[in-house]
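Work through the exercises below with the sequence and the coordinates open. Each task is followed by a solution in steps.

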Amino acid sequence: KKILVTCSDYNEPSRARYSKGGGGLYLYDLVSGISEKKVSGSFRQIVIKDDNYYVVDYVACEVLVLSKKYEIINRFQLDAPNYCGIAYNKNKNIFILINTGKDTISIHSGDNFELLDRVHYSAQKELEGISEHHLNDVFCEGNEIYVTYFSHSGNWKKGIFDGGVSKINVNDLSKPPTVMVQGLWKPHSPEIIEGELCYLDSMRGRLYTKS
């Protein structure tokens, strides 16, 4: 009856994403309605590996490793700001990280977090020098990586919200992504549940499941 909630808000009143509680990892009790902050930070996605939590700190540019008692037991420094999504593939023992600012998909070792491979979602970054897809969340099952983004064409800053969900084969990252779902408005949280692809069409307030 308790769930973990990550929050990316800032603790500084001068910042646009400020909130009184600030960012961090919260334990929310569904019965009492009481939330308790366990760790402070500007956190995005969170995954479990070996009974530890791995959570991305968007501002500090690092991945924190937390015990089930919410103690910080390790930190992995990242090479740039704006990392958002994180997933873990148990079979291959790798982490997949998504960078919103660079539209990259990075593969890291599950043992020491060493960078093993990295690709851009498309060639648009190299051609125009800017990042316009706004990749955010990620999920991995088997050999498939599922990512959500604000714009497949790379034009969301121009008001074109052709967001969706695409999949990429972890064994062939050089192959162009395959679009699974399109026409979404700032989607998040892709996941395979009972064999079905589920996701949030965030700005429309819709959760899509097989039904």
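The exercises go from the whole chain to its sheets, its cores and three single residues, and they concern a predicted model.

**Exercise 1. Overall build**

Task: State how many helices and strands the protein has, and decide how its radius of gyration stands against the globule rule.

Solution.
- Step 1. Count the elements: there is 1 helix, and there are 18 strands.
- Step 2. Compare the radius. The protein has a radius of gyration of 17 Å, and the globule rule gives 17 Å for 211 residues, so the protein is as compact as a globular protein of that length.
- Step 3. Add the extents: the C-alpha trace covers about 45 × 40 × 40 Å along the principal axes.
- Step 4. Look at burial and surface. Of the 211 residues, 46% are buried. The accessible surface is about 11,100 Å², and carbon and sulfur atoms hold 48% of it.
- Step 5. Consider contacts along the chain. Among contacts with a separation of 6 or more, 34% join residues 24 or more positions apart.

**Exercise 2. The sheet of E1, E2 and E3**

Task: Give the strand order of this sheet and its pairing sense, and name the edge strands.

Solution.
- Step 1. The order is E1-E2-E3 in an open sheet of 3 strands, with antiparallel pairing.
- Step 2. Strand E1 (2–7) and E3 are the edge strands, each pairing on one side only.
- Step 3. On average, neighbouring strands here are turned by 25° against each other, direction ignored.
- Step 4. Check one pair in detail: E1 and E2 (residues 24–29) are joined in the antiparallel sense over 6 bridges. Within this pair, Thr-6 is opposite Leu-25 in E2.

**Exercise 3. The sheet of E16, E17 and E18**

Task: Explain why one side of E16 and one side of E18 have no neighbour in the sheet, then describe the link between E16 and E17.

Solution.
- Step 1. An open sheet of 3 strands runs in the order E16-E17-E18, paired antiparallel.
- Step 2. E16 (188–193) and E18 (206–208) are at the edges and have a single partner strand each, so one side of each lacks a neighbour in the sheet.
- Step 3. The average turn between neighbouring strands of this sheet is 15°, direction ignored.
- Step 4. E16 pairs with E17 (residues 196–201) over 4 bridges, in the antiparallel sense. Ile-193 faces Glu-196 in E17, and Glu-191 has Cys-198 as its bridge partner.
- Step 5. E16 and E17 make a hairpin with 2 residues between them, and Glu-194 in the turn has a positive phi of about 55°.

**Exercise 4. The nonpolar cores**

Task: Which strands give two or more residues to the largest nonpolar core?

Solution.
- Step 1. The largest nonpolar core has 17 residues; Ile-96, Ile-105, Ile-107, Leu-135, Val-138, Ile-145 and Val-147 have the most contacts inside it.
- Step 2. Strands E9 (94–99), E10 (104–109), E12 (135–141) and E13 (144–149) give two or more residues to this core.
- Step 3. Take Val-138 as a case. Beyond four places in sequence, its contacts include Ile-96, Ile-98, Ile-145 and Val-147, and also Pro-190.
- Step 4. A second, separate core has 14 residues, among them Val-63, Phe-76, Leu-78 and Phe-113.

**Exercise 5. Three residues**

Task: Sort Cys-61, Asn-52 and Lys-37 by burial, and list what each touches.

Solution.
- Step 1. Buried means under 20% relative accessible area.
- Step 2. Cys-61 has 16%, so Cys-61 is buried. Cys-61 sits in the loop between strand E5 (52–57) and strand E6 (62–66).
- Step 3. Beyond four places in sequence, Cys-61 contacts Phe-76, Gln-77, Leu-78, Ala-80 and Pro-81. Cys-61 and Ala-80 are 19 residues apart in sequence, with 6.2 Å between their C-alpha atoms.
- Step 4. Asn-52 has 18% relative accessibility, so Asn-52 is buried. Asn-52 belongs to strand E5 and, beyond four places in sequence, touches Val-47, Val-65, Leu-66, Ser-67 and Ile-73.
- Step 5. Lys-37 has 29% relative accessibility, so Lys-37 counts as partly exposed. Lys-37 is in strand E3 (residues 35–40).
- Step 6. Beyond four places in sequence, the contacts of Lys-37 are Asn-11, Gly-21, Gly-22, Gly-23, Leu-25 and Tyr-26.

Key: Residues numbered from 1 in each chain as written. Predicted model: local features only at pLDDT ≥ 70, side-chain atom pairs only at ≥ 80, totals over all residues. Heavy atoms only, no water. Pairing = 2+ DSSP bridges. Axes fitted to C-alpha atoms, helices over the stretch in contact; angles between N-to-C directions. Buried < 20%, exposed > 50% of the residue type's maximum accessible area, 1.4 Å probe, protein only. Contact = heavy atoms within 4.5 Å. Rg over C-alpha atoms; globule rule 2.2 N^0.38 Å. Areas by Shrake-Rupley, 256 points an atom, 1.4 Å probe, with all protein chains shown as cover. Core = buried A, V, L, I, M, F, W, Y, C linked by side-chain atoms within 4.5 Å.
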